[in-house]
Amino acid sequence: MSQPPPAPGAGAEPDRLADAGYHDVPAAAGGRAGRHWWDANAQEYLDEHGAFLGDDDFCWCPEGLREADAHLLGEPGTLVGRRVLEIGAGAGQCSRWLAGQGAHVVATDVSAGMLAGAARLDARTGVRTSPVQADARALPFGDGVFDVVFTAYGALPFVPDAARVHREAARVLRPGGRWVFSVTHPVRWAFPDDPGEGGLTVTRSYFDRRPYVETGTSGAVLYAEYHRTFADHVADLAGAGFVLDRLVEPEWPARHDRTWGGWSPLRGARLPGTAIFVCHRGADSPQG
């Protein structure tokens, strides 16, 4: 994990990491932590991973699966003129690539730090991503205004109430519209987040849904990441009125030698690291 962020508030002393582990925390505190963590760590993240992600490329996961090859949002040419929303967009790399494919894209993120990174990349590339600061659980858009909504590891892992994200995606999508999201493969939560041999041995129950939490010396929640089983993801999708069309588990490419956190060639050859859910909104999807 990266270093924890300073505690929120002007002039506050940094709240240093005091504890890290799997335990329950109040939902409100866990849900707020992501914004502060990404604000504090946005530039460090982009410095570390920016070259791999590209300024205007669409990468779904640490395995390196690109939308240019996977076509999970639509076959080549079908995105021209489509209204596309990215939630948890980070610095907008995926949205920038989609704009180059002729889509009308809006990129949202809860973190002002990440959106500042997006503005810098917009200026560098000359491609505007129309960034909007928004919580994925309360999107500032009307009903049925998008053809496609997606997120590549954004929003869902960092909120305790992912069902709200799915409901919002359904609300802003037109009937039949596509919702695609990538998350850490659920089975990974039974293993330590270790790219080496230690990450190949089960140490926790797959059914233990307590989040991974980092707390500061003040007792504040600095970081929280939430686990859902496959059944949890499917139940949330069904509850929002989505139909699951396809589940993608990217394999580790033979010549891919990058280590990213707990992702590595060693683990990737043996364990799935990412799950990508490709869905569409049913005609009778509940609204609001």
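The side chain of T151 reaches over to the backbone nitrogen of G154, at 3.0 Å, which fits the cut-off for a polar contact (a pair of N or O atoms within 3.5 Å; within protein, one must be able to donate a hydrogen and the other to accept it, and residues adjacent in sequence count only if both atoms are side-chain atoms). The model is a predicted one, so local features need pLDDT of at least 70 and side-chain atom pairs count only at pLDDT 80 or more, while totals for chains, interfaces and linings use all residues. Residues are numbered from 1 along each chain as its sequence is written, and side-chain values use heavy atoms, with hydrogens and water left out.

T151 sits in strand β5, residues 146-152. Helices (H or I, at least four residues) and strands (E, at least two) are DSSP runs, numbered from the N terminus. With a relative accessible area of 0%, T151 is buried; that word stands for under 20% relative accessible area, against over 50% for exposed and partly exposed in between (1.4 Å probe, protein chains only). The rest of the strand follows suit: seven of the seven residues of β5 are buried. Setting aside neighbours within four places in sequence, T151 is in contact (heavy atoms within 4.5 Å) with W60, I87, G88, L156, W179, V180, F181 and S182.

Now for the sheet around T151. Seven strands make up an open, mixed sheet in the order β4-β3-β2-β5-β6-β10-β9. The edges belong to β4 (131-133) and β9 (242-248), each with a single partner strand, so one side of each has no neighbour in the sheet. On average, neighbouring strands are turned by 20° against each other, direction ignored; axes here are lines fitted to C-alpha atoms, for helices over the stretch in contact, and angles run from 0 to 180 degrees between N-to-C directions.

Strands count as paired if DSSP finds at least two bridges between them. On one side, β5 pairs with β2 (residues 83-86) in the parallel sense over three bridges, and V84 has V148 as its bridge partner in β5. On the other side, β5 and β6 (residues 173-184) are parallel too, over six bridges, and here T151 stands opposite F181. Together with helix α5 (residues 162-172), β5 and β6 make a right-handed β-α-β unit: with the strands pointing away from the viewer, the path from the first strand over the helix to the second runs clockwise.

Towards the β4 edge, β3 (residues 104-109) pairs with β4 in the parallel sense over three bridges, T108 having V132 as its bridge partner. Helix α4 (residues 112-125) lies across both strands, running at about 170° to β4.
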